[in-house]
Each structure stands twice: as C-alpha cells, then as structure tokens.
Amino acid sequence: MTKLADLIWKNAELLRGAFKENEYRKVILPFTVLRRLECVLAPRRDAVRAKYESIKDKGYDLDKMLTPTSGYSFFNISCFTLPGLADTPDAQDVRDNLQAMINGYSQNVREIFEKFGFMATVDKLAEKRRLYLVIQNFAKTDLRDKDEQGLPVVSNHDMGQAFEELLRKFNDVSPAGEQYTPRDVIELMVTILFAGDEKALSLPGIVRTMYDPTAGTGGILSEAEERLHQFNNRATLKLFGQELEDETYAICKADMLIRGQDPANIANGDTLAMDMHPGQTFEYQAANPPYGVEWKPAESTVRKEHGKGAAGRFAPGLPAIRDGQMLFSLHMLSKMQPLAAGRGGGRIGVVHNGSPLFTGDAGSGESEIRRHILRNDYLDCIVAMPTDMFYNTNITTYLWFMSNRKPVERQGKVMLIDASGMSRLMKKNLGKKRREFTTDCVERITRAYADFKDMAWKDEASGRVLQARIFDREHFFYRKVTVERPLRVRFQATTEQVRALAAVLAVAKMPAEQVGLLNAAVAALDPAMSWLDAESFRAALQLAASEVVTGMNVKPRLGVKALETARKWLGTKDKAADPCSNEKGEVLSDADLRDAEYVPLHEDIDAYFEREVVPHWPDAWVNRGVKDDRDGLVGVVGTEINFNREFYVFTPPRSREAIQADIEAMESRFLEMLRGVSK
C-alpha cells in the first residue's frame with residue numbers, strides 16, 4: 001500500500017539533521033509496529049485493563065488470563081497510549097511513559113522491541129529533541145484494522161505491503177538491500193503451490209502447515225494464509241518461519257501476533273547455521289533466499305552436516321562458497337513432510353536467479369544438488385519470470401516448484417514454463433520494479449501449469465507471450481566423457497636439450513651406472529638426426545648405448561627409468577610426428593588436447609563418439625578410466641536446465657534483397673537531406 005507507506009515515510013522529515021538517512025529505519029519501523037499494535041488492541045484495551053486490575057495480586061498467569069480478553073495472543077496492561085503521550089509535552093515524562101507503555105506489553109511483544117533496540121533509539125530521539133514530535137505524528141496515524149462499524153481500515157495485507165514498501169525505501173538509501181518479494185510474485189507462487197490441492201484444502205476445519213526459512217517480514221506466509229482463506233475461510237494454515245535480520249524478524253513476528261498465529265513459530269537466526277525448527281516437517285514451504293551471498297558464516301556447520309551424509313541437511317553436495325541459495329533448497333527438502341502409504345507429503349516453492357539452473361560442471365556441488373532433486377523426482381515445474389519484477393534487482397528470476405507427492409501423470413516429468421513475456425509495465429516504478437503480474441497473468445500461468453501439456457499462447461493486443469513444455473527428467477542429465485588425443489613428439493639430441501637432460505640426471509634418483517650410460521649414449525647421437533616416433537628413438541638410444549658400453553663395466557642396456565627420462569627431455573611436440581607411446585607401449589595422451597563431450601544420458605557413448613567425434617578427430621579415444629563416483633560407469637554424470645535452449649526459436653536471417661532495399665531507402669533519404677542543405 002504505497003499511500004500508507006508514503007504517509008508513514010513523512011515522519012522522516014522530522015529526523016533530518018538528527019539521524020543519518022540510513023538510520024531512519026531505526027525510528028520509523030518500530031514506531032509503525034507500536035502504533036499498529038496499539039490500534040488493533042484499542043477496542044478491548046479498557047476491558048484488558050479492568051481484568052488486569054482484578055487479578056494482578058492473585059498470582060495468575062497473565063498470558064492465560066488476559067489474551068482471551070484482548071482477542072489476540074498478546075496484550076498491554078499499561079495506561080499509556082501514543083495519543084495520551086502526545087498530550088504530555090514534558091520531555092522526561094514522555095520518555096519514561098513510553099518505556100512504561102512498552103513494558104506493559106506481554107513478553108512476546110517486548111521481545112519485538114528488544115530486537116529493534118527500541119529504547120536506545122528512543123534515548124537518541126530524546127537527546128536530539130525529536131521524541132515528542134515523532135510521537136505526535138504517529139499518534140495521528142490511523143492504523144486500525146477496522147472501524148467502529150467493523151469496516152476495514154488498514155488490513156493485514158495492506159499493512160504488510162506498507163512495511164515492505166518502507167523497507168524498499170530504506171534500502172534505497174542503505175549500503176545494501178535484501179530482495180523483498182513483491183506481492184504479485186508471491187500470489188503466483190502460492191497459487192501454483194496450492195494448485196491441485198483445492199479439494200483437500202476446501203474441507204471444513206482442515207489444518208495445514210507452512211514454513212519459510214528466509215521469512216523476511218512474513219510476506220510469503222501471510223499471502224499464503226490469505227490465499228487459502230479466499231476459498232476456505234474455515235481452514236487453518238499454521239505458519240512457521242526463521243529470519244536472520246533482527247528488524248525484519250521483529251516485523252514478521254508482529255504480523256504473526258496480529259494474525260492470531262503462534263509467534264513462537266517464528267525463530268530468529270541463520271537458517272543454514274542452525275535449523276531452529278529441528279525435527280519438524282511441513283506440508284507447504286515457500287521462500288525467496290538470498291542469491292549471490294556467501295555462506296561462509298555458516299561454513300563450519302554446513303560442512304559438518306554434509307559430512308553426516310543422509311543424516312544431515314546438505315548430503316547431496318555443496319555449492320561454491322560465493323552463493324548459498326541452493327543450500328536453502330536442500331534445507332527445504334529436508335523439511336518436507338514425508339510421504340507414507342500415499343498420505344502426507346509436501347510441496348515447495350522457491351525463488352532463484354539463473355545460477356542454480358546451470359552453474360557447476362559435472363561432478364560439482366551444484367550439479368550434484370540438481371542431480372539429487374531430479375533423480376528423486378522432486379522437481380515438478382520451473383517458471384521463468386520477466387526481468388524488472390523485484391524492487392532491488394532487475395535480473396531474470398525463476399520459481400522452482402518441488403514435491404514428493406507428484407500426481408501419477410507428473411511423475412518422472414518436469415514442466416518448464418516460460419512466463420518471461422507475461423507482465424505489464426507499471427504506471428510508477430517502485431525502485432527497480434518496473435513490471436508486474438496482472439490477475440490475468442497469474443490465472444493464465446496457473447492454468448498452463450494445471451493443464452500440464454506443451455502449449456504456446458500470444459496476445460496480439462498486449463504482446464504477452466506464454467509457453468510451456470514437458471520433459472522427461474532424464475532429459476536434463478548428461479555424461480561428461482573425457483576425450484583424449486595422442487601426444488605427438490619429435491625426438492632430437494640438440495645442444496639445449498642435452499644440456500637440460502644432463503642437469504636433470506645430475507640430481508636424478510637413478511643408479512650411477514645408468515646415469516653414465518645414458519649420458520654417453522645421448523652424446524653419441526647425431527644432433528642433426530630426429531625421430532618422429534618414440535619406438536624408433538628408444539631403439540636408436542639403445543643401439544648407441546650398446547656401442548659405447550665397450551670398456552665400461554656396466555650392463556649394455558638402458559633401463560625403463562633412463563628411457564623415460566630421455567623421452568621426456570629430448571622430445572618436442574610436433575603435429576607431424578606419430579603418436580607417442582610410453583615404455584610399456586601405451587599411447588600417451590596430450591593434456592593440452594584433452595577435451596570433453598557432453599553426451600545425453602540416454603545415448604550410447606560409443607555411438608555418439610563415432611558420430612560426433614571421430615569424423616573430426618580420427619585419432620581420438622574415450623578415456624574409460626574417468627568414471628562417475630556414484631554409478632561407476634564411464635563419464636561423470638552432470639545435470640543442467642537450459643531455458644534458452646529449450647525455448648529457442650530459430651529466426652532466419654534477412655534475405656539479401658531485403659537488406660539491399662533498406663540500404664537503397666537509406667541512401668535515398670540521405671540524398672534528400674543533402675539536397676535540402678544545398679538549397
């Protein structure tokens with residue numbers, strides 16, 4: 001709700017000069033939460049106070065006694081309100097009474113303001129003579145959820161949007177910003193997440209759980225609850241989450257309190273470093289984890305869990321330290337409710353950038369994570385979204401949907417939806433967000449997902465385009481096969497090479513008689529003579545050794561070590577030479593010519609090699625010693641999901657005639673312009 005956010009943002013005018021711009025959030029966010037909590041409690045505030053006065057000396061558990069009266073899982077027993085404080089201009093009284101107001105809240109609310117570091121901010125406001133002015137402004141801000149007639153004023157949905165718009169504004173003036181998930185993106189995510197479950201979710205009294213490991217302000221969780229209530233207001237969606245940043249955690253927890261959720265289900269901490277919902281699994285999960293952010297702060301824990309194998313969250317593989325987003329996908333898979341006897345199971349929706357689709361070669365941590373997801377048939381669908389959809393980044397993003405309870409017709413299949421052409425330009429940009437999904441966009445994308453078939457649609461009026469394709473999961477697997485080509489070496493006893501060999505032999509761990517014999521044999525070779533194959537060179541060297549051995553008390557033959565040393569130091573790469581062999585007669589490969597072929601998993605390696613490699617490199621061969629660690633077969637298994645390739649449409653080049661016509665038209669216009677100048 002931009003208007004509400006703008007109204008609240010006006011309080012920043014009071015802070016200029018007293019606070020730096022990137023410190024405004026320390027004032028505006030907690031005061032907004034405080035005013036919102038006060039407004040929703042206002043209708044029963046007097047009843048709560050009366051109840052408290054009647055039981056305060058009886059030793060009762062105040063949470064159990066007062067929450068039924070307040071109507072929420074929190075309460076306030078203080079006699080102070082922001083409008084009341086606005087009528088008390090004495091600076092010290094205002095500060096002390098505000099603290100008393102905070103202390104009057106139940107413990108679950110006091111923790112929120114502790115996370116904000118609120119009283120330190122209050123003291124600075126008092127020192128800068130801004131506290132009373134800020135209280136006056138917020139006291140005038142109407143943040144009631146409904147008026148006296150029960151009509152909505154500021155809904156939870158509107159309040160959540162206002163918080164996210166405020167955070168976007170703050171991030172515009174801060175050194176760095178998080179990627180908050182716009183509500184239109186969340187709407188698409190939760191709509192597809194619930195798709196196919198409508199019948200079960202429509203049952204009266206149905207209870208489900210949902211978890212967000214990077215909860216932020218709780219936008220995804222709250223949107224999911226509202227979406228569920230749209231088609232079943234008697235359903236219960238229990239919300240769980242974990243959030244690292246104190247401020248956003250505090251906002252999320254406040255939102256959960258107002259919604260009637262259990263605030264204890266929202267935890268504060270680094271999800272990768274510590275799962276604060278251990279042993280719990282969930283029917284639904286959704287998240288927008290940070291991308292391009294190092295996981296080094298959690299490295300010790302992550303590597304330890306990886307080492308546990310299946311007992312840890314990160315067994316399949318570890319991505320590069322520079323980007324931890326795929327670790328969140330593994331974490332969510334570990335929190336997915338198991339499927340037993342056809343019952344239970346879970347579904348996951350997660351936002352990623354393009355990196356998890358293809359980053360990492362065969363055998364890398366990223367590829368192994370994709371392999372785990374595909375091999376276990378968790379991946380259901382990926383939706384490519386338009387650029388310019390997020391407040392703080394304009395990169396292309398993707399929605400991944402995973403499940404361990406895919407319907408029969410979807411099992412073994414993966415659906416890719418290209419929705420990059422499904423959006424409209426916004427009338428006013430919000431940060432870097434220039435585009436948004438309309439209701440029609442969400443409906444069409446969801447319908448394409450539900451129909452589960454190849455399709456292509458274009459609206460000529462709006463220019464919107466939507467495509468979908470279905471693939472077997474094996475389509476995204478390949479084997480990286482190492483292809484070798486022979487080392488080709490010309491041998492010659494040049495002065496430089498003989499000198500280099502002598503230096504090596506001077507320190508070589510080789511019998512002295514062999515060193516002497518090799519030096520003598522090499523000295524006997526004709527410097528102008530060269531050999532194009534290793535066998536002929538070794539024969540010439542042995543012959544020279546036999547001729548110089550007369551008078552020497554040594555064996556007349558060079559050993560394997562001596563021949564190997566001579567081969568390595570008297571040889572020079574030469575494309576015209578024959579393939580070089582070692583002393584066992586095995587053809588050696590040239591590391592500089594080593595290459596790899598990416599063979600689709602369903603294809604026979606030998607047939608592929610004969611078709612694709614031999615015509616170009618007749619002397620090449622497959623290195624059958626390079627095998628996959630998991631299945632032991634030739635070639636390392638890799639995985640890749642390439643949207644551009646799957647949805648590529650060939651556009652033929654323009655004809656020569658069309659290009660010629662354009663050139664002639666341009667020349668004609670140029671001549672007309674020249675004639676106009678000359679007049």
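The largest nonpolar core of this predicted model has 58 residues, and those with the most contacts inside it are Phe31, Leu34, Leu98 and Phe118. Helix α2 (residues 24-41) gives the most to this core, with eleven residues. A nonpolar core is here a set of buried Ala, Val, Leu, Ile, Met, Phe, Trp, Tyr and Cys residues joined through side-chain atoms within 4.5 Å. Buried stands for under 20% relative accessible area, exposed for over 50%, and partly exposed for values in between, with a 1.4 Å probe and protein chains only. Another core, of 48 residues, lies apart from the largest one and has Met385, Ile417, Ala448 and Phe452 among its members.

Residues are numbered from 1 along each chain as its sequence is written. Because the model is predicted, local features need pLDDT of at least 70 and side-chain atom pairs count only at pLDDT 80 or more, while totals for chains, interfaces and linings use all residues; side-chain values use heavy atoms, with hydrogens and water left out.

Two phenylalanines illustrate the packing. Leaving aside neighbours within four places in sequence, Phe118 is in contact (heavy atoms within 4.5 Å) with Pro30, Phe31, Leu34, Leu98, Ile102 and Phe113. Phe74 lies in the loop between α4 (62-70) and α5 (82-86). Its relative accessibility is 0%, so Phe74 counts as buried. Not counting residues up to four places away in sequence, Phe74 touches nine listed residues, including Leu37, Val40, Leu41, Leu257 and Ile258. Val109 is 35 residues from Phe74 in sequence, and their C-alpha atoms are 7.0 Å apart in space.

An open sheet of ten strands follows the order β3-β2-β1-β4-β7-β9-β8-β10-β14-β13, with mixed pairing. Helices (H or I, at least four residues) and strands (E, at least two) are DSSP runs, numbered from the N terminus, and two strands pair if DSSP finds at least two bridges between them. The edge strands, β3 (266-268) and β13 (455-458), each pair on one side only. Direction ignored, neighbouring strands of this sheet are turned by 15° against each other on average. Helix α13 (residues 219-231) packs on the sheet and touches β1 (207-212), β2 (236-243), β3 and β4; its direction makes about 170° with that of β2.

Strand β4 (residues 284-287) runs parallel to β7 (residues 347-353), joined by four bridges, and pairs with β1 in the parallel sense over two bridges. Both faces of β4 are covered, with Tyr284 and Ala286 buried on one side and Gln285 and Ala287 buried on the other.

A further open sheet has three strands in the order β17-β16-β18, with antiparallel pairing. β17 (530-531) and β18 (571-573) stand at its edges with a single partner strand each, so one side of each is left without a neighbour in the sheet. Strand β16 (residues 489-492) pairs with β18 over three bridges in the antiparallel sense.

The table lists residues that stand opposite each other in paired strands.

| Residue | Opposite residue |
|---|---|
| Tyr284 | Arg347 in β7 |
| Tyr211 | Gln285 in β4 |
| Ala286 | Gly349 in β7 |
| Arg490 | Thr572 in β18 |

Helix α22 (residues 534-548) and helix α23 (residues 560-569) pack at an angle of about 120°, with their axes 11 Å apart. Axes are lines fitted to C-alpha atoms, for helices over the stretch in contact, and angles run from 0 to 180 degrees between N-to-C directions. The two helices, α22 and α23, are therefore oblique to each other; angles under 35 degrees count as roughly parallel, over 145 as roughly antiparallel, 65 to 115 as roughly perpendicular and the rest as oblique. Phe537, Arg538, Leu541 and Gln542 in α22 meet Leu563, Ala566 and Arg567 in α23.
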